[in-house]
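Reader: I should like to learn how the core and the chain contacts of a model are read. Please take me through them.

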Amino acid sequence: MYAVLLALLALLLAGVAPRVMARLGSFRRAPRAALVAWQAVSLAAVLSALFAGPAAVASISDGTHGWFACTGEDGCAATIWWLENRRWVVLLIAGSVTLFVLGRLLLSGHRIGTRLRSARARHRELLDVLTAPEHAGRADGIRVLDHSTPTAYCLPGRRSRVVLTEGALAALPQAELDAVLAHERAHLRGRHDLLLEYFTVLHHSVPEPVRSPAALREVRLLVEALADRAAVRASGPVTTARALLTLAQGQAPEASLGAAGDGTTAVRMRLLAAEPMPSIVTLGMYLYAGAVLALPLALLWLAWR
Amino acid sequence: MSPNASAPRLGDLERAVMEQLWASEEPAGMSVREVLAGLPAERELAYTTVMTVLDRLAKKELVTRERDGRAWRYLPAGTRESLTAETMRASLGNTTDRKAALLHFLDGATPEELDDLRAALAEVEQKRG
């Protein structure tokens, strides 16, 4: 019974909840709480899928109270052998479901982790021979690539780097540059790379028909919106919005090279104009996160009680 | 020496060696001794240090090497410009890996988007300016 509930919950949290949450545009006005909710939902989905097996085992672990309870004296004696075999079947199915879910997670985590780390390592090697930690009197550790296309990014990891191009330095006035740097440093400080890696791994371990690309896009947008708040604290909303436009103008001619984004820049700019979320709503989002996470734990507890 | 103390120095050295190779006009590449001779004397580098640095750069596929008798001659794997272009491609290319590997301030923009962005900026200026 609880095993079925947990399996349904896993489907609901992996397949339905992300699609609904990706449509809740107002979540973006409280990106931190929204990301906590997204993490809670995804973790609860994983836990539900993993717990379904153990919960099924719990339902047959006690022959007198579980599904296969003996009711009549004669029936019991006759069906003991049959029941024993049924237990093995349930155990086998439950065990394989749990192992399958765990295996998919580990495999997807390994694949994505390896690919990300090797791409970053290669990028760091290139950066380190092409750029110096100090550049034209700057001693802030920012790497400046000698290229005219304005762009700004950070390379996360243990030896992280904030990277600008000469084009970005030329295009951005100081206040806008401060906004850009605050944004990138917020990514590094908050280890947003790990957050994105977690969601990417989960996304790829969910079976194809269930996974929602819109959910992954939404989470990426929330991470950017969160870093934008650091930029706003450093330079204010108007300067941050101007910095976005300045870099967009510089990169637009490169669109033919495949630099086209997913069109979230305008959304981010309009978020800069939005009123902050009322704190009561933010509180509600945290409560939602806690409740969702408690569900699979409660169901497993009920199954084993 | 702790890794923290040596890591930045090694990075500097690798960059200095690459600069040497990029600056060299020699199409056959440079030997370890030639690279060593080109580095500033005040660094007091040992032959083996430069050899180790070149070996590391070869492992990273930033330099290629060819046998010349008993020694190696080293060539940069690409010009400074081509390696910069490779870095920019990795950064600007629109692949899923890039999206997760690096965190950008701006996720690209098309010329068609710019009008919408200007309108959005006007909204921000009006409401929060």
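Author: The turns below treat the nonpolar core and then the contact between the chains. This is a predicted model, in which local features need pLDDT of at least 70, side-chain atom pairs count only at pLDDT 80 or more, and totals for chains, interfaces and linings use all residues. Residues are numbered from 1 along each chain as its sequence is written, while chains are lettered from A and ligands numbered from 1 in the order in which they are written.

Reader: Which residues touch the most other members of the largest nonpolar core?

Author: A nonpolar core is a set of buried Ala, Val, Leu, Ile, Met, Phe, Trp, Tyr and Cys residues joined through C-beta atoms within 7 Å; buried means 20 or more other C-beta atoms within 10 Å of the residue's own, with C-beta atoms placed from the backbone. Here the largest core has 116 residues, and those touching the most other members are Leu6(A), Ala34(A), Val41(A), Ala55(A), Met269(A), Val17(B) and Leu54(B). Helix H2 (residues 31-61) of chain A gives the most, 15 residues. Domain 1 (3-76) and domain 2 (94-128) of chain B both contribute, so the core lies between them.

Reader: How many residues of chain B are in contact with chain A?

Author: Contact requires C-beta atoms, placed from the backbone, within 7 Å. In this model 43 residues of chain B are in contact with 58 residues of chain A. The largest share of the chain B side, 12 residues, comes from H6(B).

Methods. Buried ≥ 20, exposed ≤ 12 C-beta atoms within 10 Å, placed from the backbone. Helix = DSSP H or I, 4+ residues; strand = E, 2+ residues; numbered from the N terminus. Domains from an automatic or database assignment. Contact = placed C-beta atoms within 7 Å.
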